[in-house]
Amino acid sequence: MSHGEAYTAIKGSIPESEKKRQLYQQASDALNAMLAGETDRVLMMSTIVAVLHQSMPHYFWTGFYRVVGDALLVGPYQGTPACLRIAHGRGVCGSAWAEARTMLVKDVHAFPGHIACDARSASEIVVPWRDASGEVVAVFDVDSDQTAAFDLIDHESLEEIAQRFPL
Ligand code: SME
């Protein structure tokens, strides 16, 4: 089976808890097999985005914003064209970067300062991503077109994956 054939998530539904845990475990195992011995940052970010986006039915937009100087710059990502630059402390991504912590937003319309790149985004989770020395070098941003798509399972699983695959 080729890499691509393993990913058949049908977009839309939010998986129930046990299924969600299982999907994250499978995605993490797939990344472990694919990324063993790899160090190139674009290769790693692209593969992390592709595997998670294709594995998770509740992901609508999936991507990294990289720390470049005093802003976050988009990419790599999968989904509709997104905001290119986000200032430090702005929106959910800029806040996750500034505070160096995961931000889980169940209803983006209730988050003051949320940056709407696509009107269909309804909830999101943003996880800081570090390099091997522990410095936050990017944030990983996932949007869903459904309200409250993300919970503690997404939070814990994505933080585990971030720790397992530093950039
Ligand atoms: N939702 C983000 C902006 C990025 S897009 O959703 C792709 C935010 O408020 O930080």
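## Exercises on a predicted model: hairpin, ligand shell and backbone geometry

In the hairpin formed by S1 and S2, where two residues lie between the strands, glycine 69 adopts a positive phi near 60 degrees. The model is a predicted one, and the exercises below start from this hairpin.

**Exercise 1.** Describe how strand S1 is paired, and name a bridge partner for glycine 63 and a residue opposite tryptophan 61.

*Solution.* Begin with the hairpin partner: S1 and strand S2 (residues 71-78) pair in the antiparallel sense, and six bridges connect them. Within this pairing, glycine 63 has tyrosine 77 of S2 as its bridge partner. Next, turn to S6, which runs antiparallel to S1 and is joined to S1 by six bridges. Here tryptophan 61 stands opposite aspartate 143 of S6.

**Exercise 2.** Determine which residues and elements surround the ligand, and how the shell divides by class.

*Solution.* First, locate the ligand, which sits in the largest cavity. The elements that contribute two or more residues to its shell are strand S1 (61-68), helix H3 (91-99) and strand S6 (136-144). Of the elements, H3 gives the most, with three residues. Then take the shell as a whole: 13 residues surround the ligand, and the closest are Val92, Cys93, Ile115, Glu124 and Asp143. Sorted by class, the shell holds eight nonpolar, two polar and three charged residues.

**Exercise 3.** List polar contacts of the ligand with their distances, and state what share of its accessible area the protein covers.

*Solution.* Take the nitrogen contacts to side chains first: a ligand nitrogen atom is 2.7 Å from an N or O atom in the side chain of glutamate 124, and a ligand nitrogen atom is 3.4 Å from an N or O atom in the side chain of histidine 114. A contact to the backbone follows, in which an oxygen atom of the ligand is 3.0 Å from a polar backbone atom of isoleucine 115. As for cover, the ligand on its own has 300 Å² of accessible area, of which the protein covers 99%.

**Exercise 4.** Identify the backbone features at proline 76 and alanine 100, and place each residue in the fold.

*Solution.* Recall the general background: most peptide bonds are trans, and most residues other than glycine have a negative phi. Against this, glycine 75 and proline 76 are joined by a cis peptide bond with omega about -5 degrees, and proline 76 belongs to strand S2. Alanine 100, although not a glycine, has a positive phi of about 50 degrees; alanine 100 lies in the loop between H3 and strand S4 (103-105).

Technical notes. Residues numbered from 1 in each chain as written. Predicted model: local features only at pLDDT ≥ 70, side-chain atom pairs only at ≥ 80, totals over all residues. Heavy atoms only, no water. Near = heavy atom within 4 Å. Polar contact = N/O pair within 3.5 Å; in protein donor to acceptor, adjacent residues only side chain to side chain. Areas by Shrake-Rupley, 256 points an atom, 1.4 Å probe, with all protein chains shown as cover. 1 Å grid on protein atoms, 1.4 Å probe; cavity = no way out; pocket = protein on both sides within 12 Å on 5 of 7 lines; lining within 4 Å. Sits in = over half its atoms within 2 Å of the grid points. Helix = DSSP H or I, 4+ residues; strand = E, 2+ residues; numbered from the N terminus. Nonpolar A, V, L, I, M, F, W, Y, C, P; charged D, E, K, R; others polar. Pairing = 2+ DSSP bridges.
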